[in-house]
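Hi,

Here is the structure I promised to pass on. Have a look at it first, and then read on for what turned up.

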Amino acid sequence: YRVGQLGIWAEELGQGRRFVVDTFANFVAEHWDQAPKEGAHWYEYFADGRPVALYFDLECPLPPNPGFASDAAMSCFFEELRGFFRSGRAVRPAELQDDDIFTMDSTSPTKFSRQVVVRGGFTARLRDARPPNPSVAQHPATCFPNAAAAGCFAEQFVAFVRERWEQAPDGPAKHFFNSDVN
């Protein structure tokens, strides 16, 4: 494999970590399906200066927020994310397809926790719409040349959602900035 085809994951073991280097597809096939059943917690490491996919880690403590509606929050998250991509504020306007998004659920009795990764076909459509970034073009499952660029994108997304919340406090963005959620 070429370096760009491999990823690094760590499994939290309590007294340390176990590291795995593999392709994304092999990692999911061999490790992810068993993780929720066994209570495993995996983390992906992003090497400095390497292309990355768009990644969101969504969390909310549950005991202090008994009315938190996880399905509604996720639905609103995807509605806002799709709206941001369509807006063209950070990238050329693009439509996210369901197969562009990989969602992992690490929710426990005490914490809502979902990880959302945007990769795949979305990247190809972005590349078709703008001059290719040579760094990203070599890594077809990635969107950004490095984690800093993905972080800037995420900051712009949060600003977009905050503006929408300020314009419509009862709209979908309320799940992001609701004062009732601790």
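Which side chains of strand β4 (residues 54-61) point to one face and are buried, and which point to the other? Leu54, Phe56, Leu58 and Cys60 are the buried set, while Tyr55, Asp57, Glu59 and Pro61 point to the opposite face and are not buried. Buried here means under 20% relative accessible area, exposed means over 50%, and partly exposed is in between (1.4 Å probe, protein chains only).

Two notes on how to read the rest. This is a predicted model, in which local features need pLDDT of at least 70 and side-chain atom pairs count only at pLDDT 80 or more, while totals for chains, interfaces and linings use all residues. Residues are numbered from 1 along each chain as its sequence is written, and side-chain values use heavy atoms, with hydrogens and water left out.

Now the overall picture. The protein has seven helices and six strands, where helices (H or I, at least four residues) and strands (E, at least two) are DSSP runs numbered from the N terminus. Their order from the N terminus is β-β-α-α-β-β-α-β-β-α-α-α-α. Of the 182 residues, 36% count as buried. Among contacts (heavy atoms within 4.5 Å) between residues at least 6 apart in sequence, 56% join residues at least 24 apart.

Back to β4 and its partner. β4 pairs with β6 in the antiparallel sense over eight bridges; two strands pair if DSSP finds at least two bridges between them. Along this pairing, Leu54 has Val118 as its bridge partner, and Asp57 stands opposite Gln115. Strand β5 (residues 101-105) also pairs with β6, again antiparallel, over five bridges, and a hairpin of five residues joins β5 to β6. Seven of the eight residues of β6 are buried, so the strand is largely enclosed by the rest of the structure.

One residue of β6 (residues 111-118) that I'd look at is Arg114. Is it buried or exposed? Arg114 counts as buried, because its relative accessibility is 14%. It stands opposite Asp105 of β5, and the two side chains make a polar contact at 3.2 Å. (A polar contact is a pair of N or O atoms within 3.5 Å; within protein, one must be able to donate a hydrogen and the other to accept it, and residues adjacent in sequence count only if both atoms are side-chain atoms.) Leaving out residues up to four places away in sequence, Arg114 touches several others, including Phe56, Asp57 and Leu58 of β4.

There is also an open sheet of three strands, ordered β2-β1-β3 with antiparallel pairing. β2 (17-22) and β3 (41-45) are at the edges with a single partner strand each, so one side of each has no neighbour in the sheet. Six bridges join β1 (residues 7-12) to β2, and among the pairs is Glu11 with Arg18.

Last, helix α6 (residues 147-167). Asn146 caps its N-terminal end, with a side-chain oxygen 3.1 Å from the backbone nitrogen of Ala148. In α6, Ala150, Phe153, Phe157, Phe160 and Val161 are buried. Seen down the axis, the buried residues of α6 fall within an arc of 95° (taken from the directions from the helix axis to the C-beta atoms), so they line one face of the helix. Ala148, Glu155 and Glu166 are exposed on the other side.

Cheers
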